[in-house]
Amino acid sequence: MGEDGSVTSAPQRPDGPTPTPRLIATDLDGTLLRDDKSVSLRTVAALAAAEEAGIEVFFVTGRPARWMDVVSDHVHGHGLAICANGAAVVDLHAGREFVQVRALPRATALTVVETLRAAAPGTSFAVEMTTGINYEPLYPPFFQDPGAHVATAEKLLEEEADDTAAPVLKLLAHHAELAPDEFLALARSAAGGYASITRSSPTALLEISGLGVSKASTLELCCAERGISPAEVVAFGDMPNDVEMLRWAGTSYAMGNAHPDVIAAASGRTVANNEDGVAVVIERILAERAAHQG
């Protein structure tokens, strides 16, 4: 999903020696996955080698749990993944069971809908819940979710507003005319006080989570449970929804195809996703570790 000229030469490493991490955190689309949504054999081998060396690997993605089959065979050990930009931690070894949910309150989501309708007329919405996605008639349909319910966002958020309602993981907002970064800036200005707003799509599609919920904040919680500090984490990403995570991690890499904001946030840069940029760095980390131990 690159928005910048791809890097095809050797990765630009952070200053100083690359530390041996205890945990690797990687985005999926545009980062670990190639553009055809596959995981290359080289990347599969690198992930397995990292785990064998005692380095935990966390997939940290904007994807919902139901779209994690592409990597479910490649998560080892703990089996956990962070989904929906930090709104959920799921166990891929237990059929994508939700381990933790950081929901967007429905009342807050309704406030954001009202605010963005006023700030950016023509915005259409979808509601991502633990049970699946539902969306408005004008929202671009997700053909991967044929069972979705179609209604206004207000109806989707209000019709099950009791304590038994499925938690809302994130609100999605689409605009057919605004440029992606323009829409993001506008939405953050208008509604950023109510929720966390980011994007990972090349189109003007925003992802809206509970205030303070991000890939970074949920990764921090998962690391704290394991006694892992930011300095012991290496992170990879390519789009604005990765920025906080890359800033939080002690060592971070923007992909060669990354958005300019991601390049500015990361401490290093690797080659593009189609050239296995994550695997390139993991291989180097393991080689340096072996040389040091030797």
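## A tour from the β4–β5 hairpin to the salt bridges

Begin by selecting Gly95, which takes a positive phi near 70° in the hairpin of β4 and β5, where 5 residues lie between the strands. Strands here are DSSP runs of E with at least two residues, helices are DSSP runs of H or I with at least four, and both are numbered from the N terminus. The model is a predicted one, in which local features need pLDDT of at least 70 and side-chain atom pairs count only at pLDDT 80 or more, while totals for chains, interfaces and linings use all residues. Residues are numbered from 1 along each chain as its sequence is written, and side-chain values use heavy atoms, with hydrogens and water left out.

**The hairpin and its surroundings**

Extend the selection to both strands of the hairpin: β4 and β5 (residues 97-101) run antiparallel and are joined by 4 bridges, where pairing requires that DSSP finds at least two bridges between two strands. To see one of these bridges, select Val89 together with Gln100, its bridge partner in β5.

Move next to Ala84, in the loop between β3 (80-83) and β4 (88-91). Its phi is near 50°, a positive value in a residue other than glycine. Is Ala84 buried or exposed? At 1% relative accessibility Ala84 counts as buried, a word that means under 20% relative accessible area, with exposed meaning over 50% and partly exposed the range in between (1.4 Å probe, protein chains only).

Another positive phi, of about 70°, belongs to Lys37, which is not a glycine either. Lys37 has its place in the loop between α1 (28-32) and α2 (41-52), and at 36% relative accessibility it counts as partly exposed.

**Arg22 and its contacts**

Now select Arg22, in the segment before β1 (23-26); this residue counts as partly exposed, at 35% relative accessibility. Leaving aside residues up to four places away in sequence, Arg22 touches Gly54, Ile55, Glu56, Arg226, Gly227, Ile228 and Glu232, a contact being heavy atoms within 4.5 Å. For Gly227 there is a further detail to display, since a polar atom of the Arg22 side chain lies 2.9 Å from the backbone oxygen of Gly227. A C-alpha to C-alpha distance can be drawn from Arg22 to Glu51, which are 29 residues apart in sequence and 9.8 Å apart in space.

**A stacked aromatic pair**

A search of the whole structure finds 2 aromatic pairs, counted when the centres of Phe, Tyr or Trp rings (for Trp, the six-membered ring) lie within 6.5 Å, with planes under 30 degrees apart called stacked, over 60 edge-to-face and the rest tilted. Select Phe236 and Tyr253: their ring centres are 5.5 Å apart and their planes are at 15°, so the pair is stacked. Because Phe236 lies in strand β11 (residues 233-237) and Tyr253 in strand β12 (residues 251-254), the pair ties together parts that are 17 residues apart in sequence. Phe236 is buried, with a relative accessible area of 0%, and Tyr253 is likewise buried at 0%.

**Salt bridges between separate elements**

The final stops concern salt bridges, each defined as a side-chain nitrogen of Lys or Arg within 4 Å of a carboxyl oxygen of Asp or Glu; by this rule the count comes to 16.

- Select Arg63 and Asp29, whose closest N and O atoms are 2.7 Å apart in a salt bridge. The pair links distant parts of the chain, with Arg63 in the loop between β2 (56-60) and α3 (69-72) and Asp29 in helix α1, 34 residues apart, and both residues are buried.
- Select Glu136 and Arg117, which form a salt bridge with the closest N and O atoms 2.4 Å apart. Glu136 lies in the loop between β7 (132-135) and α5 (153-158) and Arg117 in helix α4 (residues 106-119), so the pair ties together parts that are 19 residues apart in sequence. Glu136 is buried, with a relative accessible area of 6%, whereas Arg117 counts as partly exposed at 29% relative accessibility.
- Select Asp181 and Arg199, another salt bridge, in which the closest N and O atoms are 3.0 Å apart. Asp181 lies in helix α6 (residues 180-191) and Arg199 in strand β9 (residues 195-199), so the pair ties together parts that are 18 residues apart in sequence. Asp181 is partly exposed, with a relative accessible area of 34%, while Arg199 counts as buried at 0% relative accessibility.

As a last selection, take Asp27, Lys215 and Asp242 together, which are linked in a network of salt bridges.

How values were computed:
A polar contact is a pair of N or O atoms within 3.5 Å; within protein, one must be able to donate a hydrogen and the other to accept it, and residues adjacent in sequence count only if both atoms are side-chain atoms.
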